[in-house]
Each structure stands twice: as structure tokens, then as C-alpha cells.
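Subject: Structure handover

Hello,

Here is the structure we spoke about, handed over for you to look through. My notes on what was found in it follow below.

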Amino acid sequence: MKECNFNFQNTYSTLGQEFYTHLQPATVPMPEMVILNEDLAEILELDFSGITSQQKAALFSGNSLPEGAEPLSQAYAGHQFGHLAMLGDGRAHLLGEHVTKEAQKYDIQLKGSGRTPYSRSGDGKAALGPMLREYIISEAMHSLGIPTTRSLAVVSSGEQVFRESPLAGAILTRVAASHIRVGTFQYAAIQKDINLLQRLLDFTIKRHEPRLNNAENKALALLETVSERQADLIVHWMRVGFIHGVMNTDNMTLSGETIDYGPCAFMDAYDPDTVFSSIDQMGRYAYGNQPKIAQWNIARLAEALLPLIDPDPDKSVKLAENIVLNFMNIYEIKWLNMMRSKLGLSVPHEDDEKLISDLLDWMNKSQADYTNTFRDLSMGVYSKQNYYKNKEFKSWKARWIARQQKNKTSNDVVLRLMKNTNPAVIPRNHNVEKALKFSEKGNFKYIFKLLEILKNPYKETLHLSEYQELPEPSERVYQTFCGT
Ligand code: AMP
Ligand code: MG
């Protein structure tokens, strides 16, 4: 379909056939458009106005391919809950790399598009609920200013997929800076062919960090850059109370984008031990563990890169270790700065850490809502919750106000900083679940409204309260599922 302006390159296949399998997406019986992301289409310079809804559905289901697409599924490995496995796109097809006029490159991938050589026992399919969930949360993350893959479209396939019960099938079109994962490097390292690893390194640098071509030690420089990007990403997650839920190494990108929205969820009441995912029984990927796990994943990337860092194993281990160990230092500095912004502390002070940790301790004890508490502090509104009457909070607040007097910036600047750091609205689990329930019954009104609200998460607008309120006990979501 030429008229949509797709402009594909297919450079991934230059990596060599070890890295992928060329194959067509499965054909589905009756694709129907559910959502098209017009804003994203515009950024991608794609234009679907000249084709019918049926043609769009054919396009986004994989029934008819855009001109220039050369679909492939990628091979990769990954540590899943600490155990290494050979994986790969078990239900995804990369159509190609779409290039805009400004030479921005985007992977366009169908997810839920049929079996591949990497499917293992899976059916290669996806259900409508989880694909809409990925759409809502990835788009919300984008609007919150957090690096993420995005969602261009969801179509229902007209066939049933069988999980615990039969469900409506669907296909999501995912857009990513690239789909290169820590697991892709692990996959290359397992092959014990240094040429493969070198090729992947060169490809990744060319795609994401061409300036590193001049680095003295490219592998080390990439490790350092990825480590820093991941520190930034996790700080963003911590800022908004996001819990990824499955931080396996195959779900960590080299680009620094959040990827693979499975059982992820946002925390309501502040508690670092919060876990939603039904498959995370040990709490490995709990909210408060995310920085440590990111470091663990970076260590796995470092291991994979060792042969390229230095031919002398002792030397390469030493060099890589320095970067892995430094992850936590970098993270902690970034985290502290982020928390300072949340509290409007524009000039650092040595007591800040204590001030922040005392607030978090109080929030944990009082089960204060993470998002609303910081937003209330930004707005100066303390009427909504009884726990603000608590003595401990009042004395903390007095300390905080006294501390703010030390700021050298004007009140306006401080308030703006806080309002732009502390969202007024996040995709709360119970609202997301409600939107998905309606959608499954063919009623898409609620999901469209939710998506609209989530586009401006830092803006105080009327009619927000429904999305700011905490769930009623009957609406509380305790567990989320992968839905794979
Ligand atoms: P995830 O936990 O979503 O990151 O997926 C882990 C691995 O399982 C990846 O290799 C996926 O491609 C694969 N996978 C997940 N769901 C399915 C499915 N329904 N059919 C085939 N493979 C799947
Ligand atoms: Mg994955």
C-alpha cells in the first residue's frame, strides 16, 4: 500500500541469518480496526486517510503488507526470572524500519501476528485485552515523558484465542527505536562466534549511538551508555510509580525505551514491596527492586560484551565490572535529583535525603497514595485525605516548607517544576481494567475517554477526579496477568 507513505529499510537482515527468520505474518479471518493512533501516525509521516477502514484493518493485521516490508522474526535469548533461555519473537513480525524525511528510524512490528520458529509451545497469538492494555500504558508512558515503545494500532482479528477461556484475538502494531535487547547480545554471545557479536555491536552503535564509532573501546563505551540510559529510565519509572513486572533481560532495550507491557501496573499506595504480576511470586520485580534488577541486567549485558571489551579476560572483566558497579552510584544521584524536583527543591542541600526518606517512610506507614500525595504537595491541597491531619505529616511539612525557603528560585519556578514532575493523572489499574472490560463487550467509549485524559497527565483540568480517585475496595486490582 504505497499511498500510506511507508518508507521501509530492512537493515536488520544485514546482521546475518543467525539473527532472524524471514516469514510472513499469519492471515486472520476478519480483521477490524479498533484503534488507530493518529498522533503517532503524524509523527511517523504516515497517512492513512486515502484508504478504507477495511484496508487499514488488512494492513495492521498483516493480511496485506505495506510496500517495502520484508517481515522477519528476531532471534534473542534472555534471563527470565534469573534463568537463561533461548527465546526470540514467538508472536511478532518486524515489518521493517520506517525512515522519516528527517532520517528518524522506527521499527514497525506486528505483535500477535502468528507462530514463528521461536514460538516454542505458544500459539503466536494475542488477545484483545492485553493488546489494548499495552496500547493504553505505552501511550500513557509516552505522555508522561518516559522513553517507551509506542502503539500505532490495534485490530481485532475475528478469531478466538484460547487462554483460560476463549478470548477475542487481536494484533498490536508496535513502534520502537529498535527491538535490540540485552537478550539479543546474550544470544550473540552464546553462539561463541565473536564475528556475530562484533556485527551486532557495530549495528547497534550505528543505529543508536553513532558518536561511539570514535570511541577507543566501542564495546565498553556502549555498555557505559546503555547503563546510563537504563539508570535514567528506572528513575522515570520510580518517579511515577511504574512497576514493569517482567524485567527479564529480553525485556530490556539497548535504546533505553520501556518495552513489553505485560503485567505492568502503577502503584497506588506507596510501598516499595508492591508487586502486581501473578507470575512474580518472589517479588523479584517489586517496585523497590527495579534499580537493583536493572543493574543485574546490565551485568548480563557486560558479560555478553566481554570478548569485545578486551582479548585478555582479566582485563575485560575489570573494565566491565567498573561500569556495572558504577550503575548504582549514577542511579542514586539521578534518583535524588528527581526526588528533589518532586519536592520542588531547586538547590541541593545535604539534608535532602533525610527529608525525602522521612516523607516516603510516612507515606508507607500511612498507605498514602503515591501519585496524589506528590500532586497535593504541588498544588498545596491537603483537604482530601485524613492522613494529612496526622502529626507526623504536619511536622514533616513544616520542615519541608522551611527547607523551601532556602531555594534561590522564585515560587512560580518551583511550582512549575513540581507540577511538571508530579503527574495529576496516571493509568490507574482499576480505570484500565474498567476500560478493558467495556472494550471486550464492544464498547470503546470508556477507553477512548481514558486515552484522551492520559494525553495530558500534568495538566490540571476539570473532570479529572474520576481518574484521580483511589479504587473502591471492590475495584482494587491486586494482581495483573501476562495474558500471553
Ligand atoms: P514476554 O514475557 O512477553 O517477554 O515473552 C517471553 C517470550 O515468550 C518471548 O519470546 C515471546 O515471543 C514468547 N511468547 C509470549 N507469548 C507467546 C505466544 N502466545 N505465542 C508464542 N510465543 C509467545
Ligand atoms: Mg518480551
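Arg163 is partly exposed, with 23% of relative accessible area. Please keep in mind throughout that this is a predicted model.

Salt bridges

Arg163 belongs to a salt bridge with Asp123, where the side chains meet at 2.7 Å, N to O. This pair links distant parts of the chain: Arg163 sits in the loop between β9 (150-162) and β10, Asp123 in the loop between β8 and α3 (128-143), and the two are 40 residues apart. Asp123 is also partly exposed, at 29% relative accessibility.

A second pair is Lys334 with Asp232, whose closest N and O atoms are 2.9 Å apart. Lys334 lies in helix α8 (residues 313-342) and Asp232 in helix α6, so this salt bridge ties together parts that are 102 residues apart in sequence. With a relative accessibility of 34%, Asp232 counts as partly exposed.

A further salt bridge joins Asp369 and Arg428, with 2.8 Å between the closest N and O atoms. Asp369 is in the loop between α9 (352-366) and α10 (370-379), and Arg428 is in the loop between α12 (411-421) and α13 (429-440), so the parts tied together here are 59 residues apart in sequence. Are the two partners buried or exposed? Buried means under 20% relative accessible area. Asp369 has 1% and is therefore buried, and Arg428, at 1% as well, also counts as buried.

Salt bridges that share partners also build one network out of Asp89, Lys111, Glu134, Arg174, Arg181 and Asp260. Over the whole structure, the search finds 31 salt bridges.

The magnesium ion

Asp260, a member of that network, also appears at the magnesium ion (ligand 2). Which protein atoms act as donors of the magnesium ion? They are OD1 of Asn251 and OD of Asp260, lying 1.8 to 2.2 Å from the ion. Both donor residues fall under the 20% cut-off for burial: Asn251 counts as buried at 10% relative accessibility, and Asp260 counts as buried at 15%.

The second largest pocket

The second largest pocket has a volume of about 510 Å³. It is lined by 21 residues, of which Gln104, Lys105, Tyr106, Ala177 and Arg207 are the closest to its centre. Four elements each supply at least two residues of this lining: α1 (38-43), β8 (105-111), β10 (166-176) and α5 (194-208). Which of them gives the largest share? That is α5, with four residues. By type, the lining residues divide into 10 nonpolar, six polar and five charged.

Helix α4 and the residue after it

Helix α4 (residues 182-190) is mostly covered, with seven of its nine residues buried. These are Val182, Gly183, Thr184, Phe185, Gln186, Tyr187 and Ala188. What do they pack against? Their partners are the strands β5 (77-80) and β6 (83-86) and the helices α5, α6 (218-240) and α7.

Just after α4 comes Lys192, with a positive phi of about 55 degrees. Lys192 is placed in the loop between α4 and α5 and is exposed, with a relative accessible area of 76%.

Other residues to look up

Asn5 is another residue other than glycine with a positive phi, near 75 degrees. Asn5 is found in the segment before β1 (8-9) and counts as partly exposed at 41% relative accessibility.

Ser277 is in the loop between β12 (265-266) and α7 (290-309). With a relative accessibility of 6%, Ser277 counts as buried. Apart from neighbours within four places in sequence, Ser277 is in contact with Gly245, Pro263 and Thr480.

Thr52 belongs to the loop between α1 and α2 (53-61) and is partly exposed, at 44% relative accessibility. The C-alpha atom of Thr52 is separated by 29 Å from that of Ser178, a residue 126 places away along the chain.

That is the end of my notes.

Best wishes

Definitions and conventions. Residues numbered from 1 in each chain as written. Chains lettered and ligands numbered in written order. Predicted model: local features only at pLDDT ≥ 70, side-chain atom pairs only at ≥ 80, totals over all residues. Heavy atoms only, no water. 1 Å grid on protein atoms, 1.4 Å probe; cavity = no way out; pocket = protein on both sides within 12 Å on 5 of 7 lines; lining within 4 Å. Points joined across faces, edges and corners; volume = space filled by probe spheres on them. Nonpolar A, V, L, I, M, F, W, Y, C, P; charged D, E, K, R; others polar. Donors = N, O, S within 2.8 Å, 3.2 Å for Na, K, Ca; no water. Buried < 20%, exposed > 50% of the residue type's maximum accessible area, 1.4 Å probe, protein only. Contact = heavy atoms within 4.5 Å. Salt bridge = Lys/Arg side-chain N within 4 Å of Asp/Glu carboxyl O.
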